[in-house]
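User: I should like to understand how the terms used for bound molecules are justified. Please take me through the reasoning step by step.

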Amino acid sequence: MNKLPEHVAIIMDGNGRWAKQKGKQRFIGHKKGAKAVREVIEVAAEQQIKFLTLFAFSCDNWNRPEEEVSLLMKLLVSSLKKEFNHLIENNIQLKTIGDLNKLSLTVREELYHVIEKTKKNTGMVLTLALNYGAQEEITNAVKAIADKVKNNIISPEKVDQSTINEHLYSRFLPPVDLLIRTSGEERISNFLLWHIAYAELYFTKTLWPDFSKENLLEALINFNKRERRFGKTSEQLTN
Ligand code: IPE
Ligand code: IPE
Ligand code: MG
């Protein structure tokens, strides 16, 4: 593959339907989904992807039944504990985007621990979107900028794309090159709106728990065939 995406973002969807198809509780789907996460992280790192961003829990997912939310949070903590060595061995740096304040102290402590211990790693940056919503993120950025304008820290004429970018949770991320969504749904569900401006979109019917190494490689091969024009003509790109 000659064109690799620098930043791959994934909306990991379909855990519930996977479980339902098998006549099992939704949570079994989430557990199997966590295993798929491990494989995808490994393959992405192997393929020299620099940034992998995973949508793990949206602001709107709080509206699910309390029991499901609480099991998802427990699964997050146990996965962080389980995958810790794996992240270290693979030189992966863990980061998050989203408002962590709404997460319980146990979840936050485990996250901070792994973030701290992996922050000097120089390999792939793995970002988990937790209690994340892109509209919320942009709204917070606008509020912070408005506050700086009010206090004469920046002048309104100076506000440009980079000002907005610098005030996002995801300011450390480059633009998304490839956005994958599993489970056959073809929507963005409030994920990374700012960063997907020119992302190539890839939708697959595979449910997240079934998403494997082969599926990710297929998405990367598909990305390789795309012509990204960024507003230019095709002729300009080949000259
Ligand atoms: C994705 O799978 C996991 C989370 C959103 C946490 P879902 O739980 O949304 O699975 P479906 O969409 O109900 O099948
Ligand atoms: C998006 O999936 C959020 C995550 C994958 C964490 P949802 O399943 O919550 O999205 P909708 O509700 O189908 O749009
Ligand atoms: Mg879903």
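User: What makes the pair formed by ligand 2 and the side chain of Asn61 a polar contact?

Analyst: In this predicted model, an oxygen atom of ligand 2 is 2.9 Å from an N or O atom in the side chain of Asn61. A polar contact requires a pair of N or O atoms within 3.5 Å, so this pair qualifies.

User: How do you know that the pair with the side chain of Arg181 also counts?

Analyst: Here an oxygen atom of ligand 2 and a side-chain N or O atom of Arg181 are 3.4 Å apart. The limit is 3.5 Å, and therefore the pair is a polar contact. For Arg187, the distance from a side-chain N or O atom to an oxygen atom of ligand 2 is 2.8 Å, so the conclusion holds there too.

User: How much of ligand 2 does the protein bury?

Analyst: Ligand 2 exposes 390 Å² when taken alone, and the protein buries 77% of that.

User: Why is Phe57 listed among the residues around ligand 2?

Analyst: A residue is listed if one of its heavy atoms lies within 4 Å of the molecule; Phe57 is in the list and therefore meets this condition. Others in the list include Ile11, Phe55 and Ser189. Strand S2, residues 51-58, gives the most to this shell, with three residues.

User: How is the shell around ligand 2 divided by class?

Analyst: The shell has five nonpolar, two polar and four charged residues. Arg64 belongs to this shell, and Arg counts as charged, so Arg64 is one of the charged residues.

User: What makes the pairs between ligand 1 and Asp13, Asn15 and Gly16 polar contacts?

Analyst: A polar side-chain atom of Asp13 lies 2.9 Å from an oxygen atom of ligand 1. For Asn15, a backbone N or O atom lies 3.1 Å from an oxygen atom of ligand 1, and for Gly16 a polar backbone atom lies at 2.9 Å from one. Each pair is within 3.5 Å, so each is a polar contact. Taken alone, ligand 1 exposes 380 Å², of which the protein buries 86%.

User: Which element gives the most residues to the shell around ligand 1?

Analyst: Helix H1 gives the most, with three residues. Helix H1 (15-21) and helix H2 (26-46) are the elements that give two or more.

User: Why is Gly14, in the shell around ligand 1, called polar?

Analyst: Gly is placed among the polar residues by the classification, so Gly14 is counted there. By class, this shell has three nonpolar, five polar and four charged residues.

Notes. Residues are numbered from 1 along each chain as its sequence is written. Chains are lettered from A and ligands numbered from 1 in the order in which they are written. This is a predicted model: local features need pLDDT of at least 70, side-chain atom pairs count only at pLDDT 80 or more; totals for chains, interfaces and linings use all residues. Side-chain values use heavy atoms; hydrogens and water are left out. A polar contact is a pair of N or O atoms within 3.5 Å; within protein, one must be able to donate a hydrogen and the other to accept it, and residues adjacent in sequence count only if both atoms are side-chain atoms. Accessible areas come from the Shrake-Rupley method with a 1.4 Å probe; for residues, only the protein chains shown count as cover. Helices (H or I, at least four residues) and strands (E, at least two) are DSSP runs, numbered from the N terminus.
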